[in-house]
Amino acid sequence: MAVLSGYPAGPSAWAVKRFGRHASALAAAVPEQLAKAHAKAHAAHLAARLKKRSRYGVALAGLVREHLAETARERGKPYEAYADTSTQ
């Protein structure tokens, strides 16, 4: 496992337990998907000429979930298969 700024880079023990063999690929995809979500939320914020940032935050949160779920689907396992029903 690589180390970046003193923190291990790669999937956590929780991620490995939760996502199994897909954990490394999903962990690697997180920064890229966060950047894509931010770009879309920011563009929407600017296009709507909003002055308050709360709408940006709402859009960002939804887009992050969508992008990460899509990444999971691309890896051959639907996002819903990872859902933790013990907290619902």
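In which helix does V64 lie? V64 is found in helix α3. The model described here is predicted.

**Overall layout**

The chain holds 3 helices and 2 strands. Read from the N terminus, the order of elements is β-β-α-α-α. Of its 88 residues, 22% count as buried. The accessible surface of the chain is about 6,600 Å², and carbon and sulfur atoms account for 59% of that surface. Among contacts between residues at least 6 apart in sequence, 44% join residues at least 24 apart.

**The α2 and α3 pair**

Two packed helices are described by the angle between their axes and the distance between the axes. For α2 and α3, the angle is about 145° and the axes are 8 Å apart. The crossing of α2 past α3 is right-handed.

Residues from both helices take part in the contact. On the α2 side they include L26, A29, V30, Q33 and L34, and further along α2 also A37, A41 and H45. On the α3 side, Y56, L60, L63, V64, H67, L68 and A72 are among them.

**Residues of α3**

Three residues of α3 can be set side by side: V64, R65 and A72. Helix α3 itself covers residues 54-74.

V64 counts as buried because its relative accessible area, 18%, is under 20%. Leaving aside neighbours within four places in sequence, V64 is in contact with L34 and A37. Both L34 and A37 are in α2 and belong to the set that meets α3.

Is R65 buried or exposed? R65 counts as exposed, because its relative accessibility of 53% is over 50%.

A72 is buried, with a relative accessible area of 3%. A72 is also one of the α3 residues that meet α2.

Each of these residues can be paired with a residue that is distant along the chain, as listed here with C-alpha to C-alpha distances.

| Pair | Separation in sequence | C-alpha distance |
|---|---|---|
| V64 and K36 | 28 residues | 8.3 Å |
| R65 and A37 | 28 residues | 8.9 Å |
| A72 and A23 | 49 residues | 9.7 Å |

**The nonpolar core**

In soluble globular proteins, nonpolar side chains tend to be buried together. Which residues make up the largest nonpolar core? The core consists of A15, F19, A23, L26 and A72, 5 residues in all. The elements that give two or more residues to this core are α1, residues 13-19, and α2, residues 23-47.

A72 is the member of this core that lies in α3. L26 is likewise a core residue, and L26 is also named among the α2 residues that meet α3. Apart from residues up to four places away in sequence, A15 touches G20 and A23; of these, A23 is a member of the core.

**The aromatic pair**

The count of aromatic pairs comes to 1. W14 and F19 form this pair, which is edge-to-face. The ring centres are 5.6 Å apart, and the angle between the planes is 90°. The pair counts as edge-to-face because 90° is over the cut-off of 60 degrees.

The two partners differ in exposure. W14 is exposed, since its relative accessible area is 55%, over the 50% limit. F19, with 19%, falls under the 20% limit and is therefore buried. F19 thus belongs both to the aromatic pair and to the largest nonpolar core.

Definitions and conventions. Residues are numbered from 1 along each chain as its sequence is written. This is a predicted model: local features need pLDDT of at least 70, side-chain atom pairs count only at pLDDT 80 or more; totals for chains, interfaces and linings use all residues. Side-chain values use heavy atoms; hydrogens and water are left out. Helices (H or I, at least four residues) and strands (E, at least two) are DSSP runs, numbered from the N terminus. Buried means under 20% relative accessible area, exposed over 50%, partly exposed in between (1.4 Å probe, protein chains only). A nonpolar core is a set of buried Ala, Val, Leu, Ile, Met, Phe, Trp, Tyr and Cys residues joined through side-chain atoms within 4.5 Å. Contact means heavy atoms within 4.5 Å. Rings of Phe, Tyr and Trp (its six-membered ring) pair if their centres lie within 6.5 Å; planes under 30 degrees apart count as stacked, over 60 as edge-to-face and the rest as tilted. Accessible areas come from the Shrake-Rupley method with a 1.4 Å probe; for residues, only the protein chains shown count as cover. Axes are lines fitted to C-alpha atoms, for helices over the stretch in contact, and angles run from 0 to 180 degrees between N-to-C directions. A crossing is left-handed if the near helix is turned anticlockwise from the far one by less than a right angle, and right-handed if clockwise.
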